[in-house]
Amino acid sequence: MSGHLNGVQAKCKEKNNSIMYVHCYAHCLNLVLVDSICEKSNSKGKQNRLIFNFLGTVQFIYNFIESSPMRHSTLEKVAKETGDKLHTLKSCSNTRWACRAEAVKAIMNNYEVLIIAIENICENCSVPEMRAKGIGLLYQLKTFDFIFGMHMMNPILMLILKVSTLLQEPNLNLVLVMKNVNSLRSTLDSMRNDDSEYKQMFDRSVILCKKHDIAIPDRNYRKVSTRLDSNSSNQAFFNTKFDELKITVFYPLLDNLLSGIDLRFKQDTFDLVDAMACMLNMNLSQNTTKILSTFSKVSEEDLITELKLLKNYKNAMQLNGASGKSIYEWIDWLKTTGNSTVYTCVFKTLKMFTIIPVTSCTCERVFSKLTIVKSKLRSTMSQERLESLLLLFT
């Protein structure tokens, strides 16, 4: 669909070469997360195997507990006896990966309750298969890799979930989107460059392991021929487990996220967004006005003239700021003061910028609900009635 040769994008540009293709930003962020974790998309293969296995265990916990009312009641009973607040377990969505933050957060808050509940289930279970699954799940929960993955993924997924939720808002502007995406990238970059963030994750993992008497594994060793090196102290890749996980798990994950953001969010609209932000801040340049005039098909000279006048307009100076809200404030101000007929080039540029879609989530939700409205018992429904019901339903 997004192919620049034979995709829908190319076919539409054959009819009108001035239109801009915008890949849904919420979907782009989801793909960034998928590419950074899923091995099928990862050219380096097994470097994120720890995180890949951790997310699989999270889903297995949900399936094991929630597939049986008795096992779920056991979990509630243990939470009530211990006095802990039980957080609802969430399934890992196959399409909305950002929502896995809620699943990981629920496991993290219910960790001690889950351990006791699964132990009780294994003791009282009369089905051999379920008991074997419970023992295997208990073994996974009591590994250092799982605990470390839980403490590492929780803050990262919460950051992505927050931005992903914002990108699905119906009244969202491209300027605001790019600001939040850049903010997410800066936050991940600071986590990558600041060892204190990683140290806190590792220390919390060690504390939880000591609390539950979970062994912390030693660093991995390699086998080197004695003809090359006879010193046994040189047989390890890393000095400590702290360094090993930082270099093999933490750094690759953040590097993949950062490179994915740079790759996925480089679209045709990137230069336009920067130009619009400069215009709202009244930072005029030849390149900015050229991009905006080409986009809105207005005279570059007229646009420069109007922006110079607005820059020194007394009441307009209060609206400076490159936020999504300020764009609509500019449009409302031009309408209410009657200046929309005076500053026609600026008014047209602002209006055309607001109609560029940021996300296709609303359209996708309609298609998801289509099968609910038009079922097999309503197969003869007319198009007009279907549209009216969908309008009410969404």
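Helices here (DSSP H or I, at least four residues) and strands (DSSP E, at least two) are DSSP runs, numbered from the N terminus. Colour the chain by that scheme and you get 18 helices and zero strands.

Before clicking further, some housekeeping. This is a predicted model, where local features need pLDDT of at least 70 and side-chain atom pairs count only at pLDDT 80 or more, while totals for chains, interfaces and linings use all residues. Residues are numbered from 1 along each chain as its sequence is written, and side-chain values use heavy atoms, with hydrogens and water left out.

**Whole chain**

Keep all 394 residues on screen: 42% of them count as buried (under 20% relative accessible area; exposed is over 50%, partly exposed in between, with a 1.4 Å probe and protein chains only). Now think about contacts, meaning heavy atoms within 4.5 Å. Among those in the chain with a separation of 6 or more, 68% join residues 24 or more positions apart.

**The core**

Next, select Met152, Leu350 and Phe353. In the largest nonpolar core, which has 105 residues, these three touch the most other members. A nonpolar core is a set of buried Ala, Val, Leu, Ile, Met, Phe, Trp, Tyr and Cys residues joined through side-chain atoms within 4.5 Å. Show helix H8 (residues 144-167) as well, since it gives this core its largest share, 13 residues. Colour by domain, with bounds from an automatic or database domain assignment: domain 1 (29-219 + 240-265) and domain 2 (268-355) both contribute residues, so the core lies between them.

Zoom in on Leu350. Leaving out residues up to four places away in sequence, Leu350 touches Met276, Met279, Leu280, Ile327, Trp330, Ile331 and Leu334.

**Leu257**

Move to helix H11 (residues 241-264) and pick Leu257. Is Leu257 buried or exposed? Buried, with a relative accessible area of 1%. Its contacts, again not counting residues up to four places away in sequence, are Val32, Leu33, Ser36, Ile156, Ile160 and Leu188. Draw a C-alpha to C-alpha distance from Leu257 to Val32: you should get 6.1 Å, for a pair 225 residues apart in sequence.

**A helix pair**

Now hide everything but H3 (residues 49-66) and H7 (residues 128-141). They pack at an angle of about 140°, with their axes 11 Å apart. The axes are lines fitted to C-alpha atoms over the stretch in contact, and angles run from 0 to 180 degrees between N-to-C directions. Show side chains for Thr57, Phe60, Ile61 and Phe64 of H3, then Met130, Lys133, Gly134, Leu137, Gln140 and Leu141 of H7; these make the contact. By class there are six nonpolar, three polar and one charged residues. Here Ala, Val, Leu, Ile, Met, Phe, Trp, Tyr, Cys and Pro count as nonpolar, Asp, Glu, Lys and Arg as charged, and the others, Gly among them, as polar.

**Out to the surface**

Select Thr294 in helix H13 (residues 286-296). At 57% relative accessibility, Thr294 counts as exposed. Thr349 is 55 residues away in sequence and 9.9 Å away in space, C-alpha to C-alpha.

Step along to Lys297, in the loop between H13 and helix H14 (300-311). Lys297 is exposed too, at 59% relative accessibility, and has a positive phi of about 55° although it is not a glycine. Most residues other than glycine have a negative phi.

Last stop: Asp213, in the loop between helix H10 (195-211) and H11. Asp213 also has a positive phi of about 55°, and counts as exposed with a relative accessible area of 72%.
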